[in-house]
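Student: Please give me a close look at a single part. I want the interior packing and the strand that feeds it.

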Amino acid sequence: MGKIITTLTVTNRADQSVAARGFITTEEVRSLTLNNVLIDTGATTLCLPSDAIAQLGLELLKEVDVATANGFSKARIYQDAKISLLGREGTFECLELPGGRDALLGVIPLEALGIELDLKNQQLKLLPDESMDTYLTIL
């Protein structure tokens, strides 16, 4: 099985909203480009290290129980993390990782953005978002 690593831009969506209303400048919107982001099909959502969450100034949403390889533990979920990947954008919650770990991108953001894994070539593949072949469906 292949391993896919990517570069991901994460922006504080709440900052963007405040900037759109003129309370801060667009230069004050907090954003990070993260390298070595592991695409992890075992992860549900976006997972960011605590230092990245602090730099972005994301707001705590809730504390939850999570299942990990080491058993169950508590984790914090933050809100309004807007990601940009392969020209597509979406806003998601993110789970805080212990310090020093690289970010992970799980299956929910990938599916919402219409991005699938090509494990043979170790890369991401955009699904069509136009015409009859669109990945967007309403059933």
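Tutor: Helices (H or I, at least four residues) and strands (E, at least two) are DSSP runs, numbered from the N terminus. The model is predicted: local features need pLDDT of at least 70, side-chain atom pairs count only at pLDDT 80 or more, and totals for chains, interfaces and linings use all residues. Residues are numbered from 1 along each chain as its sequence is written, and side-chain values use heavy atoms, without hydrogens or water.

Start with strand β1, residues 5-12. β1 runs antiparallel to β2, with 6 bridges between them (strands pair at two bridges or more by DSSP). Here L8 faces L34 of β2. β1 is also antiparallel to β5, through 4 bridges. T11 has K82 of β5 as its bridge partner.

Now the interior. The largest nonpolar core (buried Ala, Val, Leu, Ile, Met, Phe, Trp, Tyr and Cys joined through side-chain atoms within 4.5 Å; buried is under 20% relative accessible area, 1.4 Å probe, protein chains only) has 25 residues. V10, L46, L48, L58, I83, C94 and L105 touch the most other members. Elements giving two or more residues include β1, β2 (31-39), β5 (71-85) and β6 (88-97). Helices α2 (50-56) and α3 (107-113) do too.

Take I83. I83 touches L8, T9 and V10, and also L46, F92, L105, P109 and L113, among others (heavy atoms within 4.5 Å; residues up to four places away in sequence not counted). A second core, separate, has 8 residues, including A43, I77, L97 and L104.

Last, the end of β1 and what follows. N12 caps the N-terminal end of α1 (13-20), with a side-chain oxygen 2.9 Å from the backbone nitrogen of A14. G22, just after α1, has a positive phi of about 85 degrees.

Technical notes: Buried < 20%, exposed > 50% of the residue type's maximum accessible area, 1.4 Å probe, protein only. Polar contact = N/O pair within 3.5 Å; in protein donor to acceptor, adjacent residues only side chain to side chain.
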